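Student: I should like to examine how the terms used for this model are justified. May we begin once the structure is displayed?

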Amino acid sequence: MNVMMALIINGPVKSFCYRRLQYLSSKFQMHVLLNEMKELAAQKKVPHRDFYNIRKVDTHIHASSCMNQKHLLRFIKSAMKKYPDEIVHMEGGRGQTLTEVFEDMNLTAYDLSVDTLDMHADRNTFHRFDKFNSKYNPIGESILREIFIKTDNHIHGKYFGHIIKEVMSDLEESKYQNAELRLSIYGRSMDEWDKLALWAVSHSVYSDNVRWLVQIPRLFDVYRTKQQLSNFQQMLENIFLPLFEVTINPSSHPQLHLFLQHVLGFDSVDDESKPEHHVFNLDSPSPARWCDDNNPPYSYYLYYMYANMTVLNHLRRRRGFHTFVLRPHCGEAGPIHHLVSGFMLSENISHGLLLRKAPVLQYLYYLAQVGIAMSPLSNNSLFLSYHTHTHSHRHKKKIQTKLHCNIHLKYIIYHVNSHWLGPDYNKEGPVSNDIRRTNVPDIRVGYRYETLCEELHLITQAVRTQELDRIEEEDGLSFTSSQ
């Protein structure tokens, strides 16, 4: 970490990386001028393939916001008609029906509209993560969030399961749209995984078009203040111990074993702009000794997630099970060292907005081809206005950017799948591409591959030249001394 931090503030290195990034951007403009019509012609030659019928995967949708506002509104009104007398909430030791909940808020189905629902991110949420989070509460009422978009509530997530299945049905009907929905595991208790898996299995929230990503909120300080956890080690054990147990013996958690077959990986989430009171280094306390009410820093969370996942993945590979990837929210706000942690530990990251301020890191992400999934329209309501967003610049430099929605807006990436991309998808260069499946011209794939190879050759050649110079100097010294 220290080496990386020193590298990204080194003046000559910053200048070099900035110039290379400018060169890559200009080179892409030249490529477009020379080859745009050829690429378009190649796409037109492909029968039955265009933007609308290539496979599209949205890699960043929170399950609790996977439906649009109109869909959720329609579902709430439908539930009020179908289940008016169902007890959905406990208040003061007494059960409340759905009708009573709305009567307490002086609302009827007729009063509800998209405007009263008020779940869209607007200008008021810009740089206000607290307001952004509150938009998940229908009509601003946390009780409705608990009833309709939570997996663990008095009705065991029944309504949430229904609406998720409706979203899945829409995806299946569109055929070419796929999604990775995010669900949360908090680490407050050991039975969270079993409860989540039971919800998923009992409500049959399964679709060929959907996979799950599990996000872990960085909220240890909240749980510690509420006396729910004694130390950080407890949180790690609550998150990872059930996963080790079910990997060793699937019959110990049968529903969890089924659910994990559709889980792709883990995410780390929270407001990155929160101040960090500690720097993660060799003097940092171990998780068992972290009893502080202050939250551990971002890099502390990410390292211990990575360390546990690495061991878990080795075990799962030996047992013949699929492995998980770490794909955290990273570089959305906060200090630049979050992006250093992401570079060192992650498969790919979400957002990465702060890379625009760190040319060395941006160039490293390109060289290592670390994927960056971006949400320009979501960030427009939270961190960065759309017209200054960095996606188009990174696209020109061929950094591995992927557009996604984050809230309700559908964007695309190509999912690595031999059925969708062809049997040679994991090879390098144009040979990996099947335009009949991807709709990406071979000219574009060749350009990306050749450009990356040139940059890597530039770096390796410089290292070799430096090594040769050092050897010659040492030989010269030894020759002089022998004389």
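Student: How many salt bridges does the structure hold?

Tutor: This is a predicted model, and it holds 15 salt bridges.

Student: What makes Glu 454 and Lys 27 a salt bridge?

Tutor: The closest N and O atoms of Glu 454 and Lys 27 are 2.7 Å apart. The criterion asks for a side-chain nitrogen of Lys or Arg within 4 Å of a carboxyl oxygen of Asp or Glu, so the pair qualifies. Glu 454 belongs to helix H20 (residues 442-482) and Lys 27 to helix H2 (residues 11-45), so this bridge ties together parts 427 residues apart in sequence.

Student: Why is Lys 27 called buried, and why is Glu 454 called partly exposed?

Tutor: Buried means under 20% relative accessible area, and Lys 27 has 18%, so Lys 27 counts as buried. Partly exposed covers the range between 20% and 50%; Glu 454, at 40%, therefore counts as partly exposed.

Student: How do you know that Arg 94 and Glu 100 form a salt bridge?

Tutor: Their N to O distance is 3.7 Å, and the limit is 4 Å. The pair therefore meets the definition. Arg 94, with a relative accessible area of 45%, is partly exposed, and Glu 100 is partly exposed at 26%.

Student: What parts of the chain does the bridge between Arg 327 and Glu 180 tie together?

Tutor: Arg 327 lies in the loop between strand E7 (325-326) and strand E8 (329-330), and Glu 180 lies in strand E4 (residues 177-184), so the pair joins parts that are 147 residues apart in sequence. The N to O distance in this salt bridge is 2.3 Å. Both Arg 327 and Glu 180 are buried.

Student: Which residues are linked in a network of salt bridges?

Tutor: Asp 152, Asp 191 and Lys 195 are linked in such a network.

Student: Turning to the rings, how many aromatic pairs does the structure hold?

Tutor: There are 24 aromatic pairs.

Student: Why is the pair Phe 75 and Phe 148 called edge-to-face?

Tutor: The ring centres are 6.4 Å apart, and pairing requires that they lie within 6.5 Å; the planes stand at 90 degrees, and over 60 counts as edge-to-face, so the name applies. Phe 75 is in helix H3 (residues 69-82) and Phe 148 in helix H7 (residues 142-148), so the pair ties together parts 73 residues apart in sequence. Phe 75 is buried, with a relative accessible area of 9%, and Phe 148 is buried at 1%.

Student: What makes the pair Phe 280 and Tyr 304 tilted?

Tutor: The planes of Phe 280 and Tyr 304 are at 45 degrees, which is neither under 30 nor over 60, so the pair is tilted; the centres, 6.2 Å apart, are within 6.5 Å. Phe 280 lies in the loop between strand E6 (263-269) and helix H13 (298-318), while Tyr 304 lies in helix H13, and the two are 24 residues apart. Phe 280 is partly exposed at 25% relative accessibility, whereas Tyr 304 is buried at 17%. Both residues belong to one aromatic cluster, whose members also include Phe 220, Phe 232 and Trp 290.

Student: How do you know that the charged end of Lys 158 sits over the ring of Tyr 83?

Tutor: The charged end of Lys 158 is 4.0 Å from the centre of the Tyr 83 ring, and the distance limit is 6 Å. Lys 56 likewise lies over the face of Phe 51, at 5.5 Å from the ring centre.

Student: How do you know that the length of helix H8 agrees with what is expected?

Tutor: Helix H8 (residues 158-174) has 17 residues, which at 1.5 Å a residue should span 24 Å; its end C-alpha atoms are 25 Å apart, so the two values agree. Among the buried residues of H8 are Lys 158, Tyr 159, Ile 163 and Val 167. Just after H8, Lys 175 takes a positive phi of about 70 degrees.

Student: How many disulfides are counted?

Tutor: The count is zero. Of the cysteines, Cys 66 is buried at 7% relative accessibility, and Cys 291 is partly exposed at 38%.

Conventions
Residues numbered from 1 in each chain as written. Predicted model: local features only at pLDDT ≥ 70, side-chain atom pairs only at ≥ 80, totals over all residues. Heavy atoms only, no water. Phe/Tyr/Trp six-rings, centres within 6.5 Å; stacked < 30°, edge-to-face > 60°. Helix = DSSP H or I, 4+ residues; strand = E, 2+ residues; numbered from the N terminus. Buried < 20%, exposed > 50% of the residue type's maximum accessible area, 1.4 Å probe, protein only. Lys NZ or Arg CZ within 6 Å of the ring centre and 35° of its normal. Disulfide = S-S within 2.5 Å. Expected span 1.5 Å × (residues − 1).
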